Structure formats: C-alpha cells, structure tokens
Amino acid sequence: MKPDRLLVETAANVCARENIDLATLDARSQRGLVFYWCSTYGKVYLWTDLLIMPRSRCGHCKENVKLYTNSNKFGKLRCNILYRLLDMGVLGPEVEEKRDRRTNGDIY
C-alpha cells in the first residue's frame, strides 16, 4: 500500500516546519507518520482512510483506533499531520458521508 501524494506532501511540510527531512527518515519512522494500526484486522492503513467522528475510527472496520499522537518522538508530528488533514477536509465526519454515498452508488 503506497501513501497518496497529498498525504506525503502534508507529512513532508509538517516535518519541514520542524527542520526534519521526511526523505532522510528510516522506513519505520516514515510509516509511523502516514499510517495507523488497526488491531481488528492486524494491518496498517493510511491516515486518509481514518474516520474522525467523536472518536477516531478505522475506515475499514469502524472500530476505535489509537493514534498515539503523544507517544515517542514522532507523536507531535503525527498530531500535526492529523490536524493539517482535518483542516484540509481530507478527514472528518463529512468524509465518511461521502464514502457512504460512494459505496451506495450515489453520485455527489
């Protein structure tokens, strides 16, 4: 699974503001910035698949997801990436409604 361009650009911009070059991070650190872990399926998914309702939920199984936005040294970066995606409208309850319409065959 490859991260989409918008997600990578957002992560790179957030890292650049903190004087970190995303391209120089090791693969594990890069993956931690643009993916979340779904414990139900035991897989990682892109942040853009995340559903933000009252709580963060997996876009595949709708179960709660722990985002670890304050754990380890990249927690602050993950939090900033998440907020940037929310501000851009990539994540949020309205995104879930669009996904539901798309799966039901409705055109928006």
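## Thr10 and its surroundings

Leaving out residues up to four places away in sequence, Thr10 touches Ile81, Arg84, Leu85 and Met88. In this predicted model, Thr10 is placed in helix α1, which spans residues 5-17, and its side chain reaches back to the backbone oxygen of Leu6 at 2.8 Å. Thr10 has a relative accessibility of 3%, and because anything under 20% is classed as buried, Thr10 counts as buried.

One of the residues that Thr10 touches, Arg84, is found in helix α3. Thr10 and Arg84 are separated by 74 residues in sequence, yet their C-alpha atoms are 7.3 Å apart in space.

## The packing of α1 against α3

How do α1 and α3 pack, in angle and in distance between their axes? Helix α3 covers residues 75-88, and the two helices pack at an angle of about 130 degrees with their axes 9 Å apart. Angles that are neither under 35 degrees, nor over 145, nor from 65 to 115 count as oblique, and α1 and α3 are therefore oblique to each other. The crossing in which α1 passes α3 is right-handed. On the α1 side the contact is made by Leu6, Leu7, Thr10, Ala11, Asn13, Val14, Cys15 and Arg17, while α3 contributes Leu77, Asn80, Ile81, Arg84, Leu85 and Met88. Sorted by class, the residues in this contact are nine nonpolar, three polar and two charged.

Two of the participants, Val14 and Arg84, show the contact from either side. Val14 lies in helix α1 and is buried, with a relative accessible area of 1%; apart from neighbours within four places in sequence, Val14 is in contact with Leu77, Asn80, Ile81 and Arg84. The C-alpha atoms of Val14 and Ile81 are 6.4 Å apart, although their positions lie 67 residues apart in sequence numbering. From the α3 side, and with the same neighbours in sequence left aside, Arg84 is in contact with Thr10, Asn13, Val14 and Arg17. Is Arg84 buried, partly exposed or exposed? Arg84 has a relative accessible area of 24% and is partly exposed, whereas Thr10, which Arg84 contacts, is buried.

## Overall architecture

The protein has four helices and four strands, and from the N terminus on these elements run α-α-β-β-β-β-α-α. Of the 108 residues of the protein, 36% count as buried. Among the contacts with a separation of 6 or more, 45% are accounted for by residues 24 or more positions apart.

## Strand β1 and the loop between β4 and α3

Trp37 has its place in strand β1, residues 35-38, and at 48% relative accessibility counts as partly exposed. Leaving aside neighbours within four places in sequence, Trp37 is in contact with Gly42, Lys43, Val44 and Val65. The C-alpha atoms of Trp37 and Leu67 are separated by 8.1 Å, with the two residues 30 apart along the chain.

Lys73 lies in the loop between β4 and α3. With a relative accessible area of 70%, Lys73 is exposed, and the C-alpha atom of Lys73 is 9.9 Å from that of Ser29, a residue 44 positions away in sequence.

## Positive phi outside glycine

Where do Asn19 and Lys62 lie? Asn19 lies in the loop between α1 and α2, the latter spanning 27-34, and Lys62 has its place in the loop between β4, residues 56-57, and α3. Asn19 is not a glycine but has a positive phi of about 60 degrees, and Lys62, likewise not a glycine, has a positive phi of about 65 degrees.

As for accessibility, Asn19 stands at 75% and counts as exposed. Lys62, with a relative accessible area of 37%, is partly exposed.

Definitions and conventions. Residues numbered from 1 in each chain as written. Predicted model: local features only at pLDDT ≥ 70, side-chain atom pairs only at ≥ 80, totals over all residues. Heavy atoms only, no water. Buried < 20%, exposed > 50% of the residue type's maximum accessible area, 1.4 Å probe, protein only. Polar contact = N/O pair within 3.5 Å; in protein donor to acceptor, adjacent residues only side chain to side chain. Contact = heavy atoms within 4.5 Å. Axes fitted to C-alpha atoms, helices over the stretch in contact; angles between N-to-C directions. Left-handed = near helix turned anticlockwise from the far one by under 90°. Nonpolar A, V, L, I, M, F, W, Y, C, P; charged D, E, K, R; others polar.
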